[in-house]
Amino acid sequence: MGRSICETYPSQDAVDDGFVIDYEAELSYWRSHYRSLPGCAHLRLDDVRPAIKVALDACLRARGRTLDEMWDSTQVRYLRLRERSCLEWSQARAVIETVWNRVYDRDARPARMPTALDGRMRQTMALR
């Protein structure tokens, strides 16, 4: 059975307050489209899933930082969570970047919760 991580991030400022990702919708999307990810055309979903989850986790951890600022910690998380995936870091990095870009660059921006919650909103994501 795989490792599980559940983390809660308190909001730090009004700019990033309440950033949310529809985690299940993103996983569902990538279940159907993972073969379109760089270097993944002939892989199994189980090989790609850890990189997808780490990418979504990085989006929630970003708090205004760019992916370039987060590569070191993202690499550590991937190497710890990759389990039996045959995806090496260089391949996983390309997957993470593609997933990140989908979350941040598509026309429909990620949803934000109302900021009138006095900064007490929390974000939670579990990697199962």
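The protein chain has four helices and two strands. Along the sequence, these elements follow the pattern β-α-α-α-α-β. The model is a predicted one. Of the 128 residues in the protein chain, 43% are buried. Contacts between residues at least 6 apart in sequence were also examined; 77% of these contacts join residues at least 24 apart.

Helix H1 spans residues 23–33. Its buried residues are Tyr23, Glu26, Leu27 and Trp30. Seen down the axis of H1, these buried residues fall within an arc of 100°, so they line one face of the helix.

Helices H2 and H4 pack against each other in contact. H2 covers residues 45–61, and H4 covers residues 89–105. Their axes come within 8 Å and cross at roughly 45°. The two helices are therefore oblique to each other, since an angle of this kind falls outside the roughly parallel class, which ends at 35 degrees, and outside the roughly perpendicular class, which begins at 65. The crossing of H2 and H4 is right-handed. On the H2 side, the contact is made by Val48, Ala51, Ile52, Val54, Ala55, Leu56, Ala58 and Cys59. H4 contributes Ala92, Val95, Ile96, Val99, Trp100, Val103 and Tyr104.

Charged side chains were considered next. Side chains of opposite charge can pair when their charged atoms come close. The count of salt bridges in the model comes to seven. Arg44, Asp46, Asp47 and Arg49 are linked in a network of salt bridges. Within this network, Asp46 pairs with Arg44 at an N to O distance of 3.8 Å. Asp46 also forms a salt bridge with Arg49, and here the closest N and O atoms are 2.8 Å apart. Arg49 and Asp46 lie three residues apart in H2, so about one helical turn separates them.

Accessibility was computed for these three residues. Asp46 is partly exposed, at a relative accessible area of 43%. Arg44 is partly exposed as well, with 48% relative accessibility. For Arg49 the relative accessible area is 27%, and this residue also counts as partly exposed.

A further salt bridge joins the side chains of Arg82 and Glu88, with an N to O distance of 3.6 Å. The two partners fall into separate accessibility classes. Arg82 counts as buried because its relative accessibility is 17%, and the buried class lies under 20%. Glu88, at 44% relative accessibility, counts as partly exposed.

Backbone geometry was examined in the loops. Two residues other than glycine have a positive phi: Arg63 and Glu83. For Arg63, phi is near 45°. Arg63 is placed in the loop between H2 and H3, where H3 is the helix of residues 67–81. For Glu83, phi is about 55°. Glu83 is placed in the loop between H3 and H4. Glu83 is partly exposed, with a relative accessible area of 43%.

Key
Residues are numbered from 1 along each chain as its sequence is written. This is a predicted model: local features need pLDDT of at least 70, side-chain atom pairs count only at pLDDT 80 or more; totals for chains, interfaces and linings use all residues. Side-chain values use heavy atoms; hydrogens and water are left out. Buried means under 20% relative accessible area, exposed over 50%, partly exposed in between (1.4 Å probe, protein chains only). The arc is that of the directions from the helix axis to the C-beta atoms. A salt bridge is a side-chain nitrogen of Lys or Arg within 4 Å of a carboxyl oxygen of Asp or Glu. Axes are lines fitted to C-alpha atoms, for helices over the stretch in contact, and angles run from 0 to 180 degrees between N-to-C directions. Angles under 35 degrees count as roughly parallel, over 145 as roughly antiparallel, 65 to 115 as roughly perpendicular and the rest as oblique. A crossing is left-handed if the near helix is turned anticlockwise from the far one by less than a right angle, and right-handed if clockwise. Contact means heavy atoms within 4.5 Å.
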